[in-house]
Amino acid sequence: MTTINSREFNQNVSRAKRAASKGPVVITDRGKPAWVILRHDAYLRLTRNEPGILELLAMPGIEDLEFDIPRAEGLFRPAEFD
């Protein structure tokens, strides 16, 4: 990711466009991130209407799944104090 300040951006837009072809470009204003430039195809990938992490982890129908967890035996032993 490339970071440039707003003055550099105003003076050399073509540099920012070239950098955006490799990844996001953060433009700072008074030292703080203010804008991000992306190629259009990268923007479309980000805004594609796909399920988010919450929807993927929800796993509808999981309540009908039977799952027996075997009891762990022999893994623990009492602590020995000298």
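Me: How exposed is aspartate 41, as a relative accessibility?
Reply: Keep in mind that this is a predicted model. Buried would need under 20% and exposed over 50%. Aspartate 41 falls in between and counts as partly exposed, its relative accessibility being 37%.

Me: Which residues are linked with Asp41 in a network of salt bridges?
Reply: Start with the pair aspartate 41 and arginine 39, whose closest N and O atoms are 3.4 Å apart. Then there's a salt bridge between the side chains of aspartate 41 and arginine 45, at 4.0 Å from N to O. Put together, the network links Asp41 with Arg39 and Arg45.

Me: Which helix holds both aspartate 41 and arginine 45?
Reply: These two side chains meet in a salt bridge. They sit four residues apart, about one turn of the helix. That helix covers residues 40-47 and is H3.

Me: What does glutamate 8 form a salt bridge with?
Reply: Side chains of opposite charge can pair when their charged atoms come close. For glutamate 8, at 34% relative accessibility, the label is partly exposed. Its partner is partly exposed too, with a relative accessible area of 35%. The closest N and O atoms of the pair are 3.6 Å apart, and the partner is arginine 15.

Me: How many salt bridges does the count come to?
Reply: One joins glutamate 8 to arginine 15. Arginine 39 pairs with aspartate 41, and aspartate 41 also meets arginine 45. The count comes to three.

Me: Which element gives the most residues to the largest nonpolar core?
Reply: That core is made up of Ile4, Ala16, Ala19, Ala20, Val25 and Ile27. The elements giving two or more residues are strand E2 (25-29) and helix H2 (13-20). With three residues, the one that gives the most is H2.

Me: Do the buried residues of H2 line one face of the helix or opposite faces?
Reply: The buried ones are Ala16, Ala19 and Ala20. Looking down the axis of H2, they fall within an arc of 100°, so they line one face. On the other side, Lys17 and Arg18 are exposed. For the buried residues, then, the answer is one face.

Me: Which elements do the buried residues of H2 pack against?
Reply: Take alanine 19 as one of the buried residues of H2. Leaving aside residues up to four places away in sequence, alanine 19 touches Thr2 and Val25. For the buried residues of H2 as a set, the elements are E1 (2-5), H1 (6-11), E2 and E3 (32-37).

Me: What separates the C-alpha atoms of arginine 18 and arginine 39?
Reply: Arginine 18 lies in helix H2 and is exposed, with a relative accessible area of 53%. Arginine 39 counts as partly exposed, at 43% relative accessibility. The two are 21 residues apart along the chain, and their C-alpha atoms are separated by 9.8 Å.

Me: What is the radius of gyration of the chain?
Reply: There are four helices and three strands, in the order β-α-α-β-β-α-α along the sequence. For 82 residues the globule rule gives 12 Å, and the chain is well over that, so it is more spread out than a compact globule. The C-alpha atoms fill a box of roughly 70 × 50 × 20 Å along the principal axes. The radius of gyration is 26 Å.

Terms used
Residues numbered from 1 in each chain as written. Predicted model: local features only at pLDDT ≥ 70, side-chain atom pairs only at ≥ 80, totals over all residues. Heavy atoms only, no water. Core = buried A, V, L, I, M, F, W, Y, C linked by side-chain atoms within 4.5 Å. Buried < 20%, exposed > 50% of the residue type's maximum accessible area, 1.4 Å probe, protein only. Contact = heavy atoms within 4.5 Å. Arc of directions from axis to C-beta. Rg over C-alpha atoms; globule rule 2.2 N^0.38 Å.
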